Amino acid sequence: MTAGPLTKEPAGPPAAAQSERQKLRKHFGRFDILFFLLCTIVGVDTIGTVASSGAEAFTWLIVLALVFFVPSALLTAELGAAFPEEGGPYIWTSRAFGRLAGAVNNFLYWITNPVWLGGTLSVSAVTAYTTFFNDGKDLSTPAFYVFTLVFVWVGVLAAILSFDVGKWIPTVGAWSRFLLLGLFTVTVVVYGVQHGLHGFGLGDFSPTYAGFVGLVPVLMFNFVGFELPSTAGDEMTDAQKDVPYAVFRSAVLSVLLYALPILGILLVLPVKAISGLGGFIDAIRQVFTVYGGHVAGDGTASLSGAGSVLGDLAAILFILTVLSSGVTWVMGSDRALAVSGYDGAAPRFLGVISSRFGTPVRVNVLSGLVSTAVLVLAHELTNGSAAKLFGAVLGLAVSTTLVSYLGIFPALAVLRRRAPGVPRPYRAPAPLLISIVLTALVVFATVQLVAPGAGDHWFGSAYAPDGWSHAERGKYLLTELVPLVGFMLLGVLFWALGRPTRRAEAALRETPAG
């Protein structure tokens with residue numbers, strides 16, 4: 001047989017990708033995506049952190065909803081419908097900027113979630129349990145590890161299960177949000193009628209630059225995630241129609257589900273009594289006294305009768321809510337990492353889809369191991385202090401998450417220019433402006449996370465995190481910057497380890513066509 005001409009471009013996806021994508025199953029429908037998004041975006045673990053900044057937090061929440069949340073929804077609606085392949089944000093970033101950028105960006109996108117699951121979410125679940133079921137007393141160290149490790153590995157198991165089974169965790173999580181936040185909001189009204197509320201003047205809602213610096217990173221952390229369902233693009237029944245539908249509906253519901261409980265906390269508790277870890281939980285316990293219980297002179301609430309029963313129910317809903325947050329993010333980010341593995345931007349060993357489950361089991365297990373390591377390390381380094389553990393891990397999760405969007409957000413404008421012929425069932429208005437605004441906000445938030453107050457009074461009294469002094473600004477800079485740089489270098493390492501896959505694909509493309 002005479003050799004034909006060399007093929008310069010692959011006829012379709014890389015051979016490794018075709019092999020692995022055949023194992024995926026289409027179980028992800030329109031309402032599954034909507035519930036998945038609600039679990040992705042509406043997290044109750046940071047509600048107390050936002051509310052602890054006072055009435056100004058509500059103002060910035062509304063501002064960020066308009067200038068960040070809505071544009072990111074428009075961006076994701078276009079990219080998710082135009083490029084519906086498995087891997088979502090990795091596919092968009094690597095197509096726009098190349099595999100190296102995609103590898104680094106995707107590693108940051110992935111690593112955030114096992115860190116978050118093993119740190120912030122697990123300790124939030126423990127706090128809810130001890131508050132309502134253990135009379136507020138801390139668990140012993142062995143009991144703490146049993147509770148949190150069960151929490152982490154139940155989440156990992158849910159991610160491993162095939163989507164037709166695992167998707168019920170986000171569905172249950174979405175309904176737990178509706179019940180928990182709805183019950184809390186209604187109870188705040190009842191509590192206000194019976195006991196009065198903390199009054200606010202218009203001046204309390206006035207935005208300040210210091211408030212913006214302190215709040216914008218965590219608010220943006222709350223408001224990202226529209227792209228996550230697109231990591232399972234090949235498992236959707238009709239991605240081009242269902243992604244825009246789910247994105248826009250979840251945007252409206254998410255703003256309401258954040259704004260109402262934050263306003264409720266501010267109305268019930270004095271700002272000085274609101275903590276990042278326990279603010280929402282403390283507010284639940286206080287307002288539920290309307291069903292049975294009382295608030296002591298020092299502000300300590302105790303529940304009895306129906307109040308105790310409903311408080312226990314709220315604790316269970318809270319734990320289900322934080323668990324479903326972790327599960328959805330692990331499900332999505334693990335899929336993106338697996339895609340980069342069979343696309344040549346990560347070790348091929350990780351780019352394997354289980355034939356039995358249709359999920360990236362190897363990456364799921366790796367996420368569980370990372371979560372466990374973070375949990376143990378953070379607990380030991382903070383001497384078992386839940387508040388310190390929560391704060392330390394949340395700061396790292398926020399920074400790594402936001403940096404990963406430096407590849408995702410510019411991709412809208414770049415792909416509109418580089419791939420103009422790709423069918424776009426939905427087209428976002430002003431793509432260049434959207435990409436610029438969103439990217440600029442992420443850059444600003446990232447700088448302020450690493451060096452609070454930079455550009456005004458770096459690490460001044462209005463900007464320094466609680467427990468840190470101005471003299472410790474260099475130490476704080478390193479605690480934030482070193483992990484970020486380390487994660488980026490690991491992303492480069494993953495790209496280097498994907499070289500054999502890239503070489504094999506290049507050799508296949510150069511094989512003479514017979």
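**Close-up views of a predicted model**

**View 1. An arginine charge sits over a tryptophan ring.** The charged end of Arg-473 lies over the ring of Trp-458. Its distance from the ring centre is 5.6 Å. The model is predicted.

**View 2. Tyr-405 and Phe-409 form a tilted aromatic pair.** The search of the whole structure gives 22 aromatic pairs. In the pair of Tyr-405 and Phe-409, the ring centres are 5.1 Å apart. The planes meet at 35°. Tyr-405 has a relative accessible area of 1%, so this residue counts as buried. Phe-409 is buried as well, because its relative accessibility is 3%, under the 20% cut-off.

**View 3. Ring pairs join five named aromatics into a cluster.** The members are Phe-68, Tyr-109, Trp-329, Tyr-405 and Phe-409. Phe-68 also ranks among the residues with the most contacts inside the largest nonpolar core.

**View 4. The largest nonpolar core holds 138 residues.** Leu-64, Phe-68, Met-220 and Phe-280 have the most contacts inside this core. Helix H13, residues 305-342, contributes the most, with 15 residues.

**View 5. Leu-64 touches residues beyond its sequence neighbours.** Leaving out residues up to four places away in sequence, Leu-64 touches Phe-69, Phe-212, Val-216, Leu-219, Met-220 and Phe-223. One of these, Met-220, is also listed with Leu-64 for the most contacts inside the core.

**View 6. The whole chain gives the setting for the close-ups.** The protein chain has 19 helices and 2 strands. Of its 514 residues, 57% count as buried. Among contacts between residues at least 6 apart in sequence, 82% join residues at least 24 apart. The chain exposes about 20,100 Å². Carbon and sulfur atoms supply 67% of that area.

Key
Residues numbered from 1 in each chain as written. Predicted model: local features only at pLDDT ≥ 70, side-chain atom pairs only at ≥ 80, totals over all residues. Heavy atoms only, no water. Core = buried A, V, L, I, M, F, W, Y, C linked by side-chain atoms within 4.5 Å. Buried < 20%, exposed > 50% of the residue type's maximum accessible area, 1.4 Å probe, protein only. Helix = DSSP H or I, 4+ residues; strand = E, 2+ residues; numbered from the N terminus. Contact = heavy atoms within 4.5 Å. Areas by Shrake-Rupley, 256 points an atom, 1.4 Å probe, with all protein chains shown as cover. Phe/Tyr/Trp six-rings, centres within 6.5 Å; stacked < 30°, edge-to-face > 60°. Lys NZ or Arg CZ within 6 Å of the ring centre and 35° of its normal.
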